[in-house]
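Dear colleague,

Please find the structure we talked about below, followed by my notes on what turned up when I went through it.

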Amino acid sequence: MELSVRGGDIIETAADTIIINLFAGVTVPGGATGVVDKALGGAIQGLAADGEFKGELNELAVLHPRGGITARRVIVVGLGQAEELNLDRVRQAAGTAAKEARKKNAQVVASIVHGSGIGGLDSELAAAALVEGTLLGLYQFQGAKSKAEDQGIKQLLLVEKDEARLEAVRRGARVGQTLAEATNLARDITNQPANLMIPEKMALLAQEMARREGLTVTVLDEQEMEKKGMGALLGVARGSQEPPRLIVLRYQASPPTSKTVALVGKGLTFDSGGISLKAREGLENMKMDKAGGAAVLAAMQAIARLKPAINVLGIIAATENMPGGRAQKPGDVVRAMDGKTIEIISTDAEGRLILADAVTYARELNANLIVDVATLTGAVRTALGTQAAAIIANNQSLVQEVVAAGERAGERFWPLPTYPEYKEQYKSQVADIKNVGGSAAGTITGGLIIGEFAGTTPWAHLDIAGVAWGERELPYQPKGATGFSVRTLVNMVLSMTN
Ligand code: BES
Ligand code: ZN
Ligand code: MN
């Protein structure tokens, strides 16, 4: 889909479909909606007066003007109460309206920027949210279906009447497009079945991205991991026929700076549990255990395009967790890259093992700050459900930065406590630590185990196991992979620039 920003009046824009909005409780619409309403002889006012359109959030009405206006159809989307409008509601309304336009076979769609102007939102942020909601809402995973899904919208025009806001709308649209395309890339990678998206394939995607976007890339194979002493990551990979990969994407700021953020992702392309085999029910969804790695890969694409003033490393630990004949076993002891020994209690607690070495590697590459992202624990789904990801960190200001970046992205992160007493739970009789701290506070101990490898480097761990996969469609999120945390990571990096 092509995207452009236009000045002028939406009723004069050459488009087959125009999208406008209405707040709840408004009987005489103003702004662009008012102009369209007049051109339609008061049709929108009529719907509101008869109580057929209440302006509730995500409510839809489709009108056919038959003259008076260039477009064949007008889509009115409800924004809810004016006082409750925020950027996430703009995303939702945009996604809802765009899907309706596609259903009607719209080709060229013109939309006003919900919230900019009368809505009182910052025009740049509103434009970004509008584009995000649209592109995220329209996302479909093509997968291996022989027949193509719905025909897509060819062109989206954002129409801003106020000349003074035009530049801000342009900037916002570009950022929104970059963030949405990255989110959709993460969804695509995560939705891919595990036989197609093997660790080598993730590495290949990273190499292609590096070439396309001007990033540097290095990929460590098993031999190189061996040399680095990455026994924790290699231990997980042992049970699989597919060779593991440690992928490192590098964005270098110009002018040069020594400030380097590392984004570290769990790219577990299939989690069978290993010898501690998972139950068969729902096992097909364990292809999504690469969501953290996919988010990091995708965030690097956006970072390459938005060019922040700090260096960013994207590190993805990619492997399968399988119960092959050479698989590691409960009771085994492995030695991580930093020299710590780990007793394996459950081979299904593999995320912390691969991240242990990936985080150590981030430190070796001189990262001053580390954020890891992982579908780490089933326990976080019990604690927070699908409404928020958990954040566990060794640095309070980093927690605040992630939470704030998440708010701007429409993604929630909820901090969990990190009392030192929790560490008692993963003390081992035979090694420095064990990889499971019992079932109590599983999300916290899982995170803290990764934190053992961050040392004194400011570090945060995002457990996205509850939010990386959606079982039902939402206004700008289809079923399946959500791409959760991509926009937060990018927002966080951008805010660290200032
Ligand atoms: N990948 C899983 C966590 C997960 C569960 C992700 C459900 C998405 C949906 C992780 O590797 C895992 O198996 N964790 C174990 C840890 C336990 C053995 C300490 C879990 O949560 O049961
Ligand atoms: Zn896992
Ligand atoms: Mn597991």
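**Notes on the metal site and the helix after it**

Asp348 counts as partly exposed, because its relative accessibility of 22% is not under the 20% that marks a buried residue. Please keep in mind that this is a predicted model, and that the values below are computed from it.

Asp348 is also one of the residues that hold the manganese ion (ligand 3), which is coordinated by Asp271 (OD), Asp348 (O), Asp348 (OD) and Glu350 (OE) at 2.1 to 2.2 Å. Along the chain, these donors follow the spacing D-x76-D-x1-E. The site has 6 donor atoms, with angles among them of 69 to 170°, and its geometry is classed as irregular. A zinc ion (ligand 2) lies 3.1 Å from the manganese ion (ligand 3), and Asp271 coordinates both of them.

Is Glu350 buried or exposed? Glu350 is buried, with a relative accessible area of 0%.

The helix H10 covers residues 351-364. At 1.5 Å a residue its 14 residues should span 20 Å, and the C-alpha atoms at its ends are indeed 20 Å apart, so the expected and the computed spans agree. H10 is mostly covered, since 12 of its 14 residues are buried, among them Gly351, Arg352, Asp357 and Tyr361. After H10 comes Asn366, which has a positive phi, near 70°.

With best wishes

Note on methods: Residues are numbered from 1 along each chain as its sequence is written. Chains are lettered from A and ligands numbered from 1 in the order in which they are written. This is a predicted model: local features need pLDDT of at least 70, side-chain atom pairs count only at pLDDT 80 or more; totals for chains, interfaces and linings use all residues. Side-chain values use heavy atoms; hydrogens and water are left out. Donors are N, O and S atoms within 2.8 Å of the metal (3.2 Å for Na, K and Ca); water is not among the atoms, so sites may look incomplete. Four donors count as tetrahedral if all angles lie between 85 and 135 degrees; four count as square planar and six as octahedral if opposite donors are over 155 degrees apart and all others between 65 and 115; anything else is irregular. Buried means under 20% relative accessible area, exposed over 50%, partly exposed in between (1.4 Å probe, protein chains only). Helices (H or I, at least four residues) and strands (E, at least two) are DSSP runs, numbered from the N terminus. The expected span of a helix is 1.5 Å times one less than its number of residues.
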